[in-house]
Amino acid sequence: MYQQMIFLNLATNDLDASKKFFTGLGWESNARFSDDSTVSFPVSETIVVMVHTPQKYREFTKKDIADSTKSSEVLIALSAESREKVDELVEKAVAAGGSISGETQDHGFMYGRGFDDPDGHTFEVVWMDPAAVQG
């Protein structure tokens, strides 16, 4: 059965720093889809983060590239299998050079925290109680 994929394309001003950061999250780069202007990070079987130099990113859009340290162009939300996994990924992000973004959200059935990568892209990591999701 076909599984739709998401390719999240992000611009970076420092490809080496981005590679180090995302590798620090435990995401391995895919050399087949990486070069001196792009690094590909499969996050799961259906989600791939593509980090591009500004020159490469401009090949995909005619719009100005947002300065994500000053404005928000998108909020990226990733699910986690437990509250502990939420904390684990955020702690890895901070250790790898990211920063905490926003306040911890704890609603009992849902728990989330956020971080910004070195370029300022905001990632939210969220766990939801499976019983609450199923209704």
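Of the contacts in this protein between residues at least 6 apart in sequence, 50% join residues at least 24 apart. Contact here means heavy atoms within 4.5 Å. Keep in mind that this is a predicted model: local features need pLDDT of at least 70, side-chain atom pairs count only at pLDDT 80 or more, and totals for chains, interfaces and linings use all residues. Numbering starts from 1 along each chain as its sequence is written, and side-chain values use heavy atoms, with hydrogens and water left out.

Now the overall build. The protein has 4 helices and 7 strands. These are DSSP runs, numbered from the N terminus: helices are H or I, at least four residues, and strands are E, at least two. From the N terminus, the order is β-α-β-β-α-β-α-β-β-β-α. The C-alpha trace spans about 45 × 40 × 25 Å along its principal axes. Buried residues, meaning under 20% relative accessible area with a 1.4 Å probe and protein chains only, make up 35% of the 135 residues.

Next, one sheet. It is open, with 3 strands in the order β1-β3-β2 and mixed pairing. Strands pair if DSSP finds at least two bridges between them. Why do β1 and β2 each have one side without a neighbour in the sheet? Because β1 (6-11) and β2 (38-42) stand at the edges, each with a single partner strand.

Look at β2 and β3 (residues 47-52). They pair in the antiparallel sense over 5 bridges. Ser 40 stands opposite Met 50 in β3.

Finally, helix α1 (residues 15-24) packs on the sheet and touches β1, β2 and β3. Its direction makes about 10 degrees with that of β2. Axes are lines fitted to C-alpha atoms, for helices over the stretch in contact, and angles run from 0 to 180 degrees between N-to-C directions.

How values were computed:
Buried means under 20% relative accessible area, exposed over 50%, partly exposed in between (1.4 Å probe, protein chains only).
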